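Okay, thanks for making time, everyone. Let me put the model up and walk you through what caught my eye.

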Amino acid sequence: MENLPSILTPDLGLLFWMFLAFLVVFFVLSKYGFPVIINMVEKRKSYIDDSLRKAHEASERLAKIQQEGDAILHDAREKQAVMLKEAAATRDSIVEKAHVKAKDESSRLISEARTEIDIEKQNAIRDIRSQVAELSVQIAEKVIREELASKDSQMELINKLLNDISVEKNQA
């Protein structure tokens, strides 16, 4: 044991001075070092706790915002569905009104066309009658001229007409 270095087998004096140096270093560290380290650890702990609290609040706000967004989206979808139903109803109403208006217009046009056709038909019949009457008069005139070419036939016709008139008066 004699060959061992003195650090492994310290003397009592060395042990005393080492203990005294340890106490001085411990005292200085406990007076000035440990409070700073503990204060820094406490600040770090409060910063982490504050960050966790803020993160939790942000998470809650995000969840509320997400719920509000979902509610707004749901309301928007409901309003969209209502608007689509209203638009479809309006479209159907407009189409129905257009059909009714088209039917009324077609009925009016058909009625006007029938009236015009009747008027044209009556005018055509009137024209045909007048032409037939005119032709009949012309034909009768030619026939009478040929029959009444002689004076005997004229006198015979006059007597016949007078007899017819007198018979009609007697009957009335």
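First, a bit of vocabulary: a patch here is built from residues with over 30% relative accessible area and no salt bridge, joining like charges within 9 Å and nonpolar side chains (Val, Leu, Ile, Met, Phe, Trp, Tyr) within 5 Å. Areas come from the Shrake-Rupley method with a 1.4 Å probe, and for residues only the protein chains shown count as cover. A salt bridge is a side-chain nitrogen of Lys or Arg within 4 Å of a carboxyl oxygen of Asp or Glu.

This is a predicted model, where local features need pLDDT of at least 70, side-chain atom pairs count only at pLDDT 80 or more, and totals for chains, interfaces and linings use all residues. Residues are numbered from 1 along each chain as its sequence is written, and side-chain values use heavy atoms, leaving out hydrogens and water.

So, the patch: about 940 Å² of nonpolar surface, with Phe 19, Phe 22 and Val 41 among its members. Val 41 sits in helix H1, residues 12-147 (helices are DSSP runs of H or I, at least four residues; strands are E, at least two; numbering starts at the N terminus).

Now the charges. How many salt bridges are there? Seven. Arg 61 pairs with Glu 57 at 3.9 Å, N to O, four residues apart in H1, about one turn. Both belong to a network with Asp 50, Arg 53 and Lys 54. Further along, Arg 108 and Glu 112 come to 2.5 Å at their closest N and O atoms, again four residues apart in helix H1.
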